[in-house]
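Q: I am new to this structure and should like to learn how to read its features. Might we begin with the metal site?

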Amino acid sequence: MPAGRFAPSPSGDLHLGNLRTALLAWLFARSTERRFVMRVEDLDRVKPGSEQRQLDDLAAIGLEWDGPITRQSERREIYDARIRTLTAAGMTYECFCTRREIQQAASAPHAPDGAYPGTCRNLSTTERAKKDRPPAIRLRSQKTHFTIVDQLHGLFRGQVDDFVVRRSDGVPAYNLAVVVDDGAQGVDQIVRGDDLLTSAPRQGYLAQLLGLTPATYIHVPLALNVEGKRLAKRDGAVTLRERPDAWSLITASLGMPNAKNAEELLEQWKPTLVPREPWVFDPSTA
Ligand SMILES: [Zn+2]
């Protein structure tokens with residue numbers, strides 16, 4: 001059975017914008033008879049205790065999910081196996097560039113939109129042997145662009161470069177891990193913030209290389225602060241624990257102010273209610 005998902009990173013409490021995106025993902029999944037799976041993206045930036053607080057907050061707004069929670073930190077071997085598969089097919093190469101070298105190369109006039117320029121793509125065995133730092137592993141991409149299907153943005157064509165699949169510290173890259181997980185969990189509907197729209201073509205391309213079914217994306221507008229920047233915890237009282245009125249704020253922003261709980265939200269939900277504009281939230285006046 002196909003699934004939708006929510007995939008938080010346990011780096012701190014979820015704010016109202018995160019909770020709203022989670023609700024939208026749940027509404028899209030449940031209203032289309034999908035399973036809804038929860039995945040903790042904890043390869044990086046983990047704050048102790050944060051995972052449980054996030055899951056508690058999601059449960060408190062009435063989200064329920066199917067099956068056990070998946071944790072990326074427990075799936076390192078699976079990611080490594082997929083990287084080995086790509087490598088065996090000649091689809092990867094080692095990159096020894098420092099962060100600074102990549103920034104310089106990406107800002108060069110001939111580099112398109114910050115794409116990795118392929119500095120290490122054709123290093124010889126001798127050249128590689130001379131390097132004295134651990135390499136990242138990059139995808140040897142056969143495309144410069146790839147098109148994904150997004151329910152709000154239509155056909156979205158975006159850049160694909162030789163992106164990193166394993167970082168030089170050995171940690172699987174975000175793009176690799178999410179694609180492998182979505183495939184393994186049967187996720188064919190990806191609802192998330194539209195700040196991730198530009199990374200979707202890379203992920204869609206990688207999914208194709210791994211023989212996975214293409215997912216439908218729904219990149220929803222984010223919650224912004226009054227300055228038009230992505231809402232963040234430093235903006236003030238923006239978490240569920242800080243806002244006893246969180247539910248009414250979120251449901252009002254979704255055009256369903258009378259829904260008292262998640263069940264009523266689902267009854268009232270129709271895809272035309274999906275927000276097309278960012279939700280500007282001012283915690284000092286709301
Ligand atoms: Zn390199």
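A: Certainly. In this predicted model, the donor residues of the zinc ion follow the sequence spacing C-x1-C-x18-Y-x3-C.

Q: Which atoms coordinate the zinc ion, and what is the geometry of the site?

A: In general, the ideal angle for four tetrahedral donors at a metal is 109.5 degrees. Here the donors are Cys95 (SG), Cys97 (SG), Tyr116 (OH) and Cys120 (SG), at 2.2 to 2.3 Å. The angles among these 4 donor atoms run from 99 to 125°, and the site is tetrahedral. Cysteine 97 belongs to the loop between strand S4 (92–95) and helix H4 (99–106), and tyrosine 116 to the loop between H4 and helix H5 (125–130), so the pair ties together parts 19 residues apart in sequence.

Q: Is cysteine 97 buried or exposed?

A: Cysteine 97 counts as buried because its relative accessibility is 11%, under the cut-off of 20%. Tyrosine 116 is also buried, at 8%.

Q: Where do the buried residues of H2 lie around the axis?

A: An α-helix has 3.6 residues a turn, so residues three or four places apart point the same way. In H2, the buried residues are Ser50, Glu51, Gln54, Leu55, Asp57 and Leu58. They span an arc of only 160° around the axis and therefore share one side of H2. Their cover includes strand S1 (3–6), H1, S2 and strand S3 (70–71).

Q: Which residues touch the most other members of the largest nonpolar core?

A: In soluble globular proteins, nonpolar side chains tend to be buried together. Within this core of 39 residues, Leu16, Leu19, Leu23, Phe36, Leu58 and Leu63 touch the most other members. H1 contributes the most, with 10 residues.

Terms used: Residues numbered from 1 in each chain as written. Predicted model: local features only at pLDDT ≥ 70, side-chain atom pairs only at ≥ 80, totals over all residues. Heavy atoms only, no water. Core = buried A, V, L, I, M, F, W, Y, C linked by side-chain atoms within 4.5 Å. Buried < 20%, exposed > 50% of the residue type's maximum accessible area, 1.4 Å probe, protein only. Helix = DSSP H or I, 4+ residues; strand = E, 2+ residues; numbered from the N terminus. Arc of directions from axis to C-beta. Contact = heavy atoms within 4.5 Å. Donors = N, O, S within 2.8 Å, 3.2 Å for Na, K, Ca; no water. Tetrahedral: all angles 85-135°; square planar, octahedral: opposite > 155°, others 65-115°.
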